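Please follow the links between side chains through this model, beginning with pairs of opposite charge and ending with the cysteines.

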Amino acid sequence: MCDCKLLKKEHVGSGNYNWTFKCKKDGKEVVETAGNEQRARTLAELSCDDKKE
């Protein structure tokens, strides 16, 4: 998996947040909605990996 950097989080209600990450390899920004940072980071890393192909 790639390495992602957390840029910001925004509360969207019901205990969920929009987490914005930056993919360190290609500089793309990914926004994931999740209740905690670990889940959001996992989703962001998967999204960053998908964008390479």
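**Charged pairs and cysteines**

Arg-41 and Glu-37 both belong to helix α1, which covers residues 37–51, and because they are four residues apart they are separated by about one helical turn. In this predicted model, their side chains meet in a salt bridge with an N to O distance of 2.8 Å. Arg-41 is partly exposed, with a relative accessible area of 21%, and Glu-37 likewise counts as partly exposed, at 32% relative accessibility.

The pair in the helix belongs to a set of three salt bridges that the structure holds. Another of them joins Asp-3 to Lys-24, whose closest N and O atoms are 3.4 Å apart. This pair links distant parts of the chain, since Asp-3 sits in the segment before β1 (4–13) while Lys-24 sits in the loop between β2 (16–23) and β3 (29–34), 21 residues apart. As for the surroundings of the two partners, Asp-3 is partly exposed, at 43% relative accessibility, whereas Lys-24 has a relative accessible area of 52% and is therefore classed as exposed, the cut-off for that class being over 50%.

A further salt bridge is formed by Lys-8 and Glu-10, with 3.7 Å between the closest N and O atoms, a distance that qualifies because the limit is within 4 Å. Lys-8 counts as partly exposed at 44% relative accessibility, and Glu-10 is also partly exposed, with a relative accessible area of 39%.

We can now turn from charged side chains to sulfur. A search of the whole structure finds one disulfide, and this bond joins Cys-23 to Cys-48, with an S to S distance of 1.6 Å. Cys-23 lies in strand β2 and Cys-48 in helix α1, so the disulfide ties together parts that are 25 residues apart in sequence. The link between Cys-23 and Cys-48 is left-handed, with -75° about the S-S bond, and both of these cysteines are buried.

Why is the sulfur of Cys-4 not bonded to the closest cysteine sulfur, in Cys-48? The two sulfur atoms are 3.4 Å apart, which is too far for a bond, because a disulfide requires a pair of cysteine sulfur atoms within 2.5 Å. Cys-4 itself counts as buried, at 2% relative accessibility. Taken together, Cys-48 is joined by a disulfide to Cys-23, while the sulfur of Cys-4 is 3.4 Å from that of Cys-48 and remains too far for a bond.

How values were computed: Residues numbered from 1 in each chain as written. Predicted model: local features only at pLDDT ≥ 70, side-chain atom pairs only at ≥ 80, totals over all residues. Heavy atoms only, no water. Helix = DSSP H or I, 4+ residues; strand = E, 2+ residues; numbered from the N terminus. Buried < 20%, exposed > 50% of the residue type's maximum accessible area, 1.4 Å probe, protein only.
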